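Subject: Structure for you to look through

Dear colleague,

I am passing on the structure we spoke about, and below it I have set out what was found when it was examined. Please open it beside this message and follow the description with the model in view.

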Amino acid sequence: MTQAMLYAVFGIVLFGVGLFGVLAIAHVMKKILAINICGVGVFMVFIANASSGVAADFVPHAMVLTGIVVAVAGTAMALSLVVRINALEQQEEDA
Amino acid sequence: MFNDLTLGRNTQQKAGLPLGVLIMLVLAIAAACLFLIKALIDFGSAEQPLVTLVASNLAQSGVDNPVTAVLLNFRSYDTLLEVAVLLIVALAVMPASTEQSKLRFISVSVPTERSFVLEAFLRWLLPAIVVTSGYLLWTGAALPGGAFQAGALLAGAGILLLLAGHHSFNFNAPAARLLLVVGLAVFLLVGAAVILSSGIALAYPQAWAGMLILVIEVAATLTIAAILVLLFCALQVEPPRAKYEGPKKEEHS
């Protein structure tokens, strides 16, 4: 088993851990964190596979770079929804 | 404030899943992971036709860094859509009211709690961050670096500035709105303008490619930095009870 393969295997494990979090944890913030862990796992598999050949493949590198930015944007979107839900629940409790 | 935040309203949903379901879930995910790992190991090292494709076309891309060449030339649609995604998220988290659009982008005030260490540190750090960001942007043509790294670094500078408390950003100001869209606008303009010479959108003419990529990257860096700072600003939530004390009127401009 090469080093790159090890990284890819642990990327899959990270994805599994994140998937468990998404499905099993009810807390919304932790769910968002779990989705991020899933995403990191996918990025790790991508990057590890890119370096498994003779030369490093640059297309996955560029795609992961794009993916990181989109993941940040998605997380911010989810967090803003959480803030909104929290505000609405607060309103409901106050009423 | 998010200590007890779940989507379910009733207590049963808040308590989480029963133990049996959790064990089943763990087993199912473990089996799926093992299957994926086995598939990965069986797959071995595949042929990578893209490596030679990128290497043989690198000379035409206008830059020497293969990652930048892929991002902004070979697969520039990805990056264009990524900037668009950032803009959509920025629009989604922007404050809905437009009443502040007359105020200035950056307003200065003396914060109630001053952090002298951070303030003194910022005087040294901010210029260095801006210069490093410019360096990363420029060096992205030949070495690891580029618009995203430079934009993220600039956004870090903006967030540090916010944390020091002297400056606050108003993203409804015209200048801020310009910053938020300039990346996508320049990208689209350049992408459309090259149709005149090459006939295909986003297919830069070889002689101009390096220049056009730099122009797009400068605009994208500003937009990425502005949007990341906006995301940070928009998610800074006041304590839940404080917001019912009436709207704060702050007119520093």
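Of the 253 residues that make up chain B, 27% count as buried. Please keep in mind throughout that this is a predicted model, and that the values below are computed from it.

To stay with chain B for a moment, its secondary structure amounts to 10 helices and 2 strands, and reading along the sequence one meets them in the pattern α-α-α-α-α-β-α-α-β-α-α-α. If you take the contacts in chain B between residues at least 6 apart in sequence, 77% of them join residues that are at least 24 apart.

Two annotations from UniProt fall on this chain, and both come from an unreviewed entry, as the record states. One, "domain: MrpA C-terminal/MbhE", covers residues 52-94 of chain B; in the model this span is 77% helix and 0% strand, and its end C-alpha atoms lie 44 Å apart. The other, "domain: Na+/H+ antiporter MnhB subunit-related protein", is placed by the record on residues 117-230 of chain B, where the model has 76% helix and 3% strand, with 25 Å between the end C-alpha atoms.

Turning to chain A, it helps to know that two packed helices are described by the angle between their axes and the distance between those axes. Helix α1 of chain A (residues 3-24) packs against helix α2 of chain A (residues 28-50) at an angle of about 160°, and their axes are 7 Å apart. Because angles over 145 degrees count as roughly antiparallel, α1(A) is described as roughly antiparallel to α2(A). The crossing of α1(A) past α2(A) is left-handed, and the residues of their contact comprise 19 nonpolar, 5 polar and 2 charged.

The next pair can be read in a similar way. The axes of α2(A) and α3(A) come within 10 Å and cross at roughly 175°, and these two helices are therefore roughly antiparallel to each other. On the α2(A) side the contact includes Val28(A), Ile32(A), Phe43(A) and Phe46(A), while the residues from α3(A) include Pro60(A), Val64(A), Ile68(A) and Leu79(A). By class, the contact of α2(A) with α3(A) has 15 nonpolar and 6 polar residues, and no charged ones.

One residue of chain A is worth finding for yourself, namely Ala8(A), which sits in helix α1 of chain A. Is Ala8(A) buried or exposed? Ala8(A) has 27 other C-beta atoms within 10 Å, and because 20 or more are needed for a residue to be called buried, Ala8(A) is buried. Although Ala8(A) and Val45(A) are 37 residues apart along the chain, their C-alpha atoms are separated by 4.3 Å. If neighbours within four places in sequence are set aside, the contacts of Ala8(A) are Met44(A), Val45(A), Ala48(A) and Asn49(A), together with Leu40(B) from the other chain.

That last contact leads on to the place where the chains touch. Here 36 residues from chain A and 45 residues from chain B take part. On the side of chain A that touches chain B, the elements giving two or more residues are α1, α2 and α3 (58-94) of chain A, and the largest share, 18 residues, comes from α3(A). The residues on this side of chain A divide into 26 nonpolar, 9 polar and 1 charged.

With best wishes

Definitions and conventions: Residues numbered from 1 in each chain as written. Chains lettered and ligands numbered in written order. Predicted model: local features only at pLDDT ≥ 70, side-chain atom pairs only at ≥ 80, totals over all residues. Axes fitted to C-alpha atoms, helices over the stretch in contact; angles between N-to-C directions. Helix = DSSP H or I, 4+ residues; strand = E, 2+ residues; numbered from the N terminus. Parallel < 35°, antiparallel > 145°, perpendicular 65-115°, else oblique. Left-handed = near helix turned anticlockwise from the far one by under 90°. Nonpolar A, V, L, I, M, F, W, Y, C, P; charged D, E, K, R; others polar. UniProt positions renumbered as here; feature names shortened; annotations may be inferred. Contact = placed C-beta atoms within 7 Å. Buried ≥ 20, exposed ≤ 12 C-beta atoms within 10 Å, placed from the backbone.
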